[in-house]
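The following exercises concern burial, salt bridges and the lining of a pocket. Please work through each task before reading its solution.

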Amino acid sequence: YDKSQDSSTAAIAAHAMTQTLDMVQGMPPMALGVGLLTVAGQCMGAGRVEEAKTYTKRFCLIAECVMAVTCLTVLAATPLVTRVSQMTPESEGLTFQLMVLISVGRMVLWVAAFTLPNGMRAAGDVRFAAGVSAASMWIFRVGLCLLLCRGFGVGLFGVWIAWLCDWLCRGTVYILRFRSGKWAQHQVLR
C-alpha cells in the first residue's frame, strides 16, 4: 500500500475541483471584459478616446466589485460543494486552501491582468497585449511553475502561485501601459 499515491490522488482531485470553482468565480468578470471590448471599441471608433478611458476604468471598477462578490460567494460555498461531491477529507482541505489562495489572488490581481487589457485591445493595442500575455505565460505559468514544482518541490501550490505571479506581471505591465496612454495612439479605422 503506497500512501504517497493517496496524496497524489488527493492533489489531483483538489486541483480539478479548484479549477472548476475558479472558473465559476471568474465568469461574471469575464463577461464584463467582453462588454468592455464592445463599449471601448465603439468609443475609439467614434474618436472619443477620453470616453474610452473613462469606460475602461468604470468597467474595471465594476469587475472588481463583481469579482469580490463572486469570489467570496464561491469560497463560502466551497466546503458544501466538496462535501456534496464526496471528496476525501484530504482533498476537501486542499481544495479549500487552494480556493482561499486563488480567491484572494483573483480579487487583487485578475481585473488588471484580464479586464483592463480588453479596453486596450479595443483601441487596437492587440499586439502589445498578446506579446505580454505570451511572454508572461511562458515565464511564469510554465517556467516558474516548473521551478517551484520540480526544483523546490512546492507541489500543487506551486502551480497556483505561478499563475498568480503571471497575473501580477500582466497586471503591472498593463497598468503601466494604460497610464502611459500609448495604448490609445493606434488608428483602428482608416
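**Exercises on a predicted model**

At 53% relative accessibility, Glu50 counts as exposed. The model is predicted, and the exercises below begin with the salt-bridge partner of Glu50.

**Exercise 1.** Determine which residue forms a salt bridge with Glu50, and how the two are placed in helix 2.

*Solution.*
Step 1. The partner is Lys53, with the closest N and O atoms 3.3 Å apart.
Step 2. Lys53 and Glu50 are separated by about one helical turn, because they are three residues apart in helix 2.
Step 3. Buried requires a relative accessible area under 20% and exposed one over 50%. Lys53, at 22%, therefore counts as partly exposed, whereas Glu50, at 53%, counts as exposed.

**Exercise 2.** Classify the two residues of the salt bridge between Glu51 and Arg48 as buried, partly exposed or exposed.

*Solution.*
Step 1. In this pair the closest N and O atoms are 2.7 Å apart.
Step 2. Glu51 has a relative accessible area of 30%, so Glu51 is partly exposed.
Step 3. Arg48 has a value of 38% and is likewise partly exposed.

**Exercise 3.** State what the salt bridge between Arg106 and Asp22 ties together, and whether its residues are buried or exposed.

*Solution.*
Step 1. The side chains of Arg106 and Asp22 meet at 2.4 Å, N to O.
Step 2. Arg106 belongs to helix 3 and Asp22 to helix 1, so the pair ties together parts that are 84 residues apart in sequence.
Step 3. Arg106 and Asp22 are both buried.
Step 4. The count of salt bridges comes to six. Arg141, Asp166 and Arg170 are linked in a network of such bridges.

**Exercise 4.** Describe the surroundings of Ala10 in helix 1.

*Solution.*
Step 1. Ala10 has a relative accessible area of 3%, so this residue is buried.
Step 2. Leaving aside residues up to four places away in sequence, Ala10 touches Glu90, Ser91 and Leu94.
Step 3. The C-alpha atoms of Ala10 and Glu51 are separated by 49 Å, the two residues being 41 apart along the chain.

**Exercise 5.** Identify the elements that give two or more residues to the lining of the largest pocket, and sort the lining by class.

*Solution.*
Step 1. The largest pocket has a volume of about 160 Å³.
Step 2. Its lining includes Thr56, Lys57, Val108, Leu116, Phe178 and Arg179.
Step 3. The elements giving two or more residues are helix 2 (49-84), helix 3 (89-122) and helix 5 (156-180).
Step 4. By class, seven lining residues are nonpolar, one is polar and three are charged.

Definitions and conventions. Residues numbered from 1 in each chain as written. Predicted model: local features only at pLDDT ≥ 70, side-chain atom pairs only at ≥ 80, totals over all residues. Heavy atoms only, no water. 1 Å grid on protein atoms, 1.4 Å probe; cavity = no way out; pocket = protein on both sides within 12 Å on 5 of 7 lines; lining within 4 Å. Points joined across faces, edges and corners; volume = space filled by probe spheres on them. Helix = DSSP H or I, 4+ residues; strand = E, 2+ residues; numbered from the N terminus. Nonpolar A, V, L, I, M, F, W, Y, C, P; charged D, E, K, R; others polar. Buried < 20%, exposed > 50% of the residue type's maximum accessible area, 1.4 Å probe, protein only. Contact = heavy atoms within 4.5 Å. Salt bridge = Lys/Arg side-chain N within 4 Å of Asp/Glu carboxyl O.
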